[in-house]
Amino acid sequence: MPQTARVSDAIVDQLEALILEGSMRPGERLPTERALAERFDVSRPSVRDALQKLSSRGLVRRRQGGGTFVADGIGATFTDPLMELLANDDNAAEQISEFRHALEGLAARLAAKRATDQDRALIQRKYDELRRLQQTDDLSAEAAADAEFHLAIAEAAHNPVLLHVMRTMFLLLRDNIIGNLSGLSEETGSRQLIRDQHAKMLEHIVSAPDPDKARTSAREHLETIIQMFRDNKAATERQKSSRRRDLFKS
């Protein structure tokens, strides 16, 4: 095997590990070929060969004259058919929330145990951005920030499998949160309840880490959302029933 190939394979292994463990986020720009060559103490042809291999695996995308970026669509083949399946399912929102209940309780517990100072700082920044957007009327931006807050917690769990399941389902997660937010009411206090639950998750993961309390707070958060879906669904069914009776009487 040529020396360049062996060197490039070693670079691929290291960059692939950084991507798959979540240290390099989707959309993040990689250093230039020159910077990577200096960092790995190798030639630029070896770096170029490594980037080409990563591109062929779908882990990075290269822009002509614009650099190399971690691919956004890792795992898209998992979410695309699921998106299509759930699009016509009236119970999809509740089912996604049930899945999140199991997954994010674990993520919160592991994050409270394993988060580094950098992880906690990132979670705090995502929370602060979410709080800022909660003062606006932009549900789409708020939902994206909400999803980023939950993804930051998943990153802090330092479990690559859990993180990539969360990341590949980002669009489902964001759309699920938009649905959650649109169904909440300031008058009933449900929006404030959700905000308080986010604050409690932050406390048990960042301010005063406690794995069991972190898991409990995450599960309570999702249980609240699931119950809201069920209440809204029941109310909708009652309205449909009333309309059917009115139609029959007329």
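In the predicted model, R57 has a relative accessibility of 47% and counts as partly exposed. The side chain of R57 takes part in a salt bridge with that of E16, with an N to O distance of 3.0 Å. R57 is located in the loop between helix 3 (44-56) and strand 1 (60-63), whereas E16 belongs to helix 1 (residues 3-20); the pair therefore ties together parts that are 41 residues apart in sequence. This contact is one of 13 salt bridges found in a search of the whole structure.

A salt bridge is also formed between the side chains of R62 and E33, at 2.9 Å from N to O. Here, too, distant parts of the chain are linked, since R62 is in strand 1 and E33 is in helix 2 (residues 33-40), with 29 residues separating them. The two partners fall into separate accessibility classes. R62 is partly exposed at 33% relative accessibility, while E33 has a relative accessible area of 16% and is buried, because the cut-off for the buried class is under 20%.

Within helix 6 (residues 117-133), R120 and D117 are three residues apart, which means that about one helical turn separates them. These residues form a salt bridge in which the closest N and O atoms lie 2.8 Å apart. R120, at 21% relative accessibility, counts as partly exposed. D117 has a relative accessibility of 57% and counts as exposed, because that class begins over 50%. Elsewhere, E33, R44, R48 and R62 are joined into one network by salt bridges that share partners. The R62 and E33 pair described above is a salt bridge between two of the residues named in this network.

Strand 1, which holds R62, also pairs with another strand. Strand 1 and strand 2 (residues 67-70) run antiparallel and are joined by four bridges. Among the residues in these bridges is R63, whose partner in strand 2 is G67. The two strands form a hairpin with three residues between them, and in this hairpin G65 adopts a positive phi near 75 degrees. In a regular strand, side chains alternate between the two faces of the sheet.

Taken together, strand 1 is connected to strand 2 through four bridges and to helix 2 through the salt bridge of R62 with E33. The loop that precedes strand 1 and follows helix 3 is in turn tied to helix 1 through R57 and E16.

Terms used. Residues numbered from 1 in each chain as written. Predicted model: local features only at pLDDT ≥ 70, side-chain atom pairs only at ≥ 80, totals over all residues. Heavy atoms only, no water. Salt bridge = Lys/Arg side-chain N within 4 Å of Asp/Glu carboxyl O. Buried < 20%, exposed > 50% of the residue type's maximum accessible area, 1.4 Å probe, protein only. Pairing = 2+ DSSP bridges.
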